Amino acid sequence: MILATGPVSASFEEIKRELDRACSYMIFETRAGITEESEFSAVLKALPRLQVRIRGWKVYRDRVAERALLVVKIDPDRTDRIMQELMSLGLPENITCYAYGSRPFR
Amino acid sequence: MKGKQVWWRKVAAVAMALGLVAMLGIVSPVGAAETVVKVGNIEPLSSPSASVGEQGKNARNMAVEEINAAGGIKSLGGAKLEMIYADSESKPEKGVAEAERLINTEKVNVLTGCWNSAVTYPTSAVAERYGIPFIVPVSVADKITEQGFKNVFRIAAKDSWWTRDQFTFLQDMEKEFGAKVETVAFVYENGDWGKGFAEQWKKLAETAGYKVVLDEPYPSTATDFSPVVNKIKRANPDVLMMVSNAADAILLTNTLAEYKVKPKAIITSGGGHADPSFLKAVGKNARYLFDIVEWETDVNKPGAKDINTKFKTKYGYNLAGESVDAYIAMYVLKDALERAGSLDPKAIREALAATNLSTGPAMIASYDVIAFDATGQNKFAALAIVQVNDLGTGLERITVWPKNARRAGYTPVFPMPKD
């Protein structure tokens, strides 16, 4: 399921505040390019190979920081397995990966 | 005259005020000594990995107690290290949340952690985002130092170096003992771990000029290894390399002995071959086997024995790979802080990047220098190889490689005797 494909304007902090606490998320960050396809194509190709149900994804633009962010919503508490798989997939060096979960951020 | 009296009154008032301030402890005569360096440590303190988290915590604490007792960070006026621990529960999202809390709320100067590579990977991104130096004692996934980050510094050898060091060891043995190795056989459990090793072995064998005469994955659940061992016997390799879990390591070793398979060397990959149950179950069938390990208590390095004795007395068990790297990490941090002379994260990061440590308590690993490459990887980190042998007091694991860390007075048995 795709939540949205058109880039939405938001900062990293704004995105984190909007996350659904009942789910887990992978957030991929990179320098903003021309299109979201070129920015996250390696990640989007890898997602179907991960052994986890993807609930949806959305691309954001932080125009101030000139960063693009791909937010992937997944089943809760599956991030350890996904991280292991992502590390072995060898994502491009310019993509940084974060994990956020169902617990409240302190 | 009147002016002079007023001046003296002012001096007296100031002196009294200063005395009062000193008595109340508002200003310390050595104010800088009250500076603390806040070190945030994210470890698996609950969850199935809790025991290794606890080992890492204990090793860090012992090192920090030593550093603080010896006067703290002298270039910061004797600043003490203050340890703040957070539990990752082995969960990436918890590690990330704790990293943000430690940076934003606790205002830590440095982060360390997180043992689980899957936690360290996204957590290191948080440290990089905030520009906080992050020392990774153990997590071994290659990817952790392949993200183009400037604030991540790993002490331990990375994953791919396990196979690299197995081959370097083999080539060093060939040179030292004048025994030529031409053929190798790979036998491994067919999961990600075994297949990952085999993939790297094949590349390394090609580079080294060894002919691969057998490439045999097997299911860990196998209950009869006769077919696998028959294949090994027919292939007749000079060297047999294996990756096994505990039960299959035991069964394979006993079956190899039953079929009298005796290559020049058997080189194993930790895991089942390092399990405490292994030697008990196979006994003399494991004699002369070589196993790769992060650290062994007999490593021949100055201070290692005393530090291990102190640790064991304090916590009731020996240092191991995880705890050694955690201990080392604190001394690497101390060294960097002394050179940085500042709590500015950028200064600490620059000092860490310029680390070139070859003396002191940090040098208890099998290698001789700690320095980081441009990716933040300790470029001199290496594994150790032990040989199983009985020197008259029962079978034990004896460090043989690197040669400068070899147990004093021990000569490795290579090639393995045929009878």
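Here are four short exercises, each with a worked solution, on a predicted model with chains A and B.

**Exercise 1: Where the chains meet**

Task: Find how many residues of each chain are in contact, and which elements of chain A give two or more residues to the side that touches chain B.

Solution:
- Step 1. Start with the count: 25 residues of chain A are in contact with 25 residues of chain B.
- Step 2. Turn to area. Together the two chains bury about 2100 Å² between them, and 54% of this lies on carbon and sulfur atoms.
- Step 3. Look for polar links. Six residue pairs are in polar contact between chain A and chain B, with both residues at pLDDT 80 or more.
- Step 4. Now name the elements. On chain A, two or more residues each come from α1 (12-17), β2 (24-31), α3 (79-89) and β5 (96-100). The most comes from α3(A), which gives six residues.
- Step 5. Sort that side of chain A by class: 11 residues are nonpolar, six are polar and eight are charged.

**Exercise 2: Checking salt bridges**

Task: Use the 4 Å cut-off between nitrogen and oxygen to check the pair E29(A) and R129(B), then the pair R31(A) and E66(A).

Solution:
- Step 1. Recall the idea: side chains of opposite charge can pair when their charged atoms come close.
- Step 2. Take the pair across the two chains. For E29(A) and R129(B), the N to O distance is 2.5 Å. A salt bridge needs a distance within 4 Å, so this pair counts. Between chain A and chain B, the count is two salt bridges.
- Step 3. Take the pair inside chain A. R31(A) and E66(A) have an N to O distance of 3.9 Å, so the same 4 Å test is passed here too.
- Step 4. Locate this second pair. R31(A) is in strand β2 of chain A, while E66(A) sits in the loop between β3 (54-62) and β4 (67-74). The two residues are 35 apart, and the pair links distant parts of the chain.
- Step 5. For the whole structure, over all chains, the total is 32 salt bridges.

**Exercise 3: Two cavities**

Task: Work out how many cavities of 30 Å³ or more the structure has, and describe the lining of the largest and of the second largest.

Solution:
- Step 1. Begin with the method: rolling a probe the size of a water molecule over the atoms shows where empty space is left.
- Step 2. Count. The search of the whole structure finds two cavities of 30 Å³ or more.
- Step 3. Describe the largest cavity, with a volume of about 100 Å³. Its lining has 15 residues, and the closest to the centre are A156(B), A157(B), E294(B), D325(B) and A382(B). Helix α11 (residues 321-340) of chain B gives the most, with three residues. By class, the lining has 12 nonpolar, one polar and two charged residues.
- Step 4. Describe the second largest cavity, with a volume of about 50 Å³. Its lining includes C114(B), W115(B) and P137(B). Here α2(B) gives the most, with three residues. The classes are six nonpolar, one polar and three charged.

**Exercise 4: An open pocket**

Task: Describe the second largest pocket by its volume, its residues and their classes.

Solution:
- Step 1. The volume is about 420 Å³.
- Step 2. Of the 17 lining residues, A257(B), K262(B), K284(B), N285(B) and M416(B) are the closest to the centre.
- Step 3. Helix α8 (residues 246-258) of chain B supplies the largest share, three residues.
- Step 4. The lining divides into nine nonpolar, two polar and six charged residues.

Note on methods:
Residues are numbered from 1 along each chain as its sequence is written. Chains are lettered from A and ligands numbered from 1 in the order in which they are written. This is a predicted model: local features need pLDDT of at least 70, side-chain atom pairs count only at pLDDT 80 or more; totals for chains, interfaces and linings use all residues. Side-chain values use heavy atoms; hydrogens and water are left out. Contact means heavy atoms within 4.5 Å. Buried area is the accessible area (1.4 Å probe) that two parts lose on being put together, summed over both. A salt bridge is a side-chain nitrogen of Lys or Arg within 4 Å of a carboxyl oxygen of Asp or Glu. A polar contact is a pair of N or O atoms within 3.5 Å; within protein, one must be able to donate a hydrogen and the other to accept it, and residues adjacent in sequence count only if both atoms are side-chain atoms. Helices (H or I, at least four residues) and strands (E, at least two) are DSSP runs, numbered from the N terminus. Ala, Val, Leu, Ile, Met, Phe, Trp, Tyr, Cys and Pro count as nonpolar, Asp, Glu, Lys and Arg as charged, and the others, Gly among them, as polar. On a 1 Å grid over the protein atoms alone, a cavity is a set of points where a 1.4 Å probe fits but cannot get out, and a pocket is an open set with protein on both sides within 12 Å along at least five of seven lines; lining residues have an atom within 4 Å of a point. Grid points are joined across faces, edges and corners, and a volume is the space filled by probe spheres set on the points.
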